[in-house]
Amino acid sequence: MSQEKVDRYKEQKRNRKAIEAKKKRNSLIARCCAGIVALAFVGWLGYSAVDSYQTKQNSIPIEADVTALDDFLSEYGVTD
């Protein structure tokens, strides 16, 4: 081995704990970010599904016959 390779190996050996800690930290950060993105996606999907369902439920027009109420109010002179 050349002296360069030997020196590089010794440097890596000396910093092995720090290198492994950095790898673990980066892995944890990546997993947390992926979890947050997945949670946001599931939340958005659930919100969209509920919103779509409620929109379909409320799309039927409702008609009411209020002539009896109008007659009652006009009979007793109640106005707006």
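**Exercise 1. Characterise the salt bridge that joins the side chains of Arg 14 and Glu 11.**

Solution. Begin with the criterion, under which a salt bridge is a side-chain nitrogen of Lys or Arg within 4 Å of a carboxyl oxygen of Asp or Glu. In this predicted model, local features need pLDDT of at least 70 and side-chain atom pairs count only at pLDDT 80 or more, whereas totals for chains, interfaces and linings use all residues. Residues are numbered from 1 along each chain as its sequence is written, and side-chain values use heavy atoms, with hydrogens and water left out.

Next, apply the criterion: between Arg 14 and Glu 11 the N to O distance is 3.1 Å, and the count for the structure comes to one salt bridge. Then place the partners in sequence: both belong to helix α1 (residues 3-14), and because they are three residues apart there, about one helical turn separates them. Helices here are DSSP runs (H or I, at least four residues), numbered from the N terminus.

Finally, consider accessibility, where buried means under 20% relative accessible area, exposed over 50% and partly exposed in between (1.4 Å probe, protein chains only). Arg 14, with a relative accessible area of 60%, is exposed, while Glu 11, at 37%, counts as partly exposed.

**Exercise 2. Explain why the sulfur atoms of Cys 32 and Cys 33 are not bonded.**

Solution. A disulfide is a covalent bond between the sulfur atoms of two cysteines; the test applied here asks for a pair of cysteine sulfur atoms within 2.5 Å. The cysteine sulfur closest to that of Cys 32 belongs to Cys 33, and since it is 7.0 Å away, it is too far for a bond. A search of the whole structure accordingly finds zero disulfides.

As to their surroundings, Cys 32 is partly exposed at a relative accessible area of 41%, and Cys 33 is partly exposed at 43%. Cys 33 lies in helix α2, and its C-alpha atom is 33 Å from that of Arg 8, although the two residues are 25 apart in sequence.

**Exercise 3. Classify the ring pair formed by Phe 41 and Trp 44.**

Solution. Rings of Phe, Tyr and Trp (its six-membered ring) pair if their centres lie within 6.5 Å, and planes under 30 degrees apart count as stacked, over 60 as edge-to-face and the rest as tilted. The structure holds two aromatic pairs. In the one examined here, the ring centres of Phe 41 and Trp 44 are 6.0 Å apart and the planes stand at 40°, so the pair is tilted.

The two residues are three apart in helix α2, which means that about one helical turn separates them. Trp 44 sits in this helix, which spans residues 16-57, and counts as exposed at 52% relative accessibility. Its C-alpha atom is separated by 49 Å from that of Arg 8, 36 residues away along the chain.

**Exercise 4. Decide where confidence is lowest and where it is highest in the protein chain.**

Solution. The score is pLDDT, the predictor's confidence in each residue, from 0 to 100. The chain averages 89, and 92% of the residues score at least 70. Confidence is lowest in α3, at a mean of 85, and highest in α2, at 94. Where pLDDT is low, the predicted coordinates should not be read in detail.
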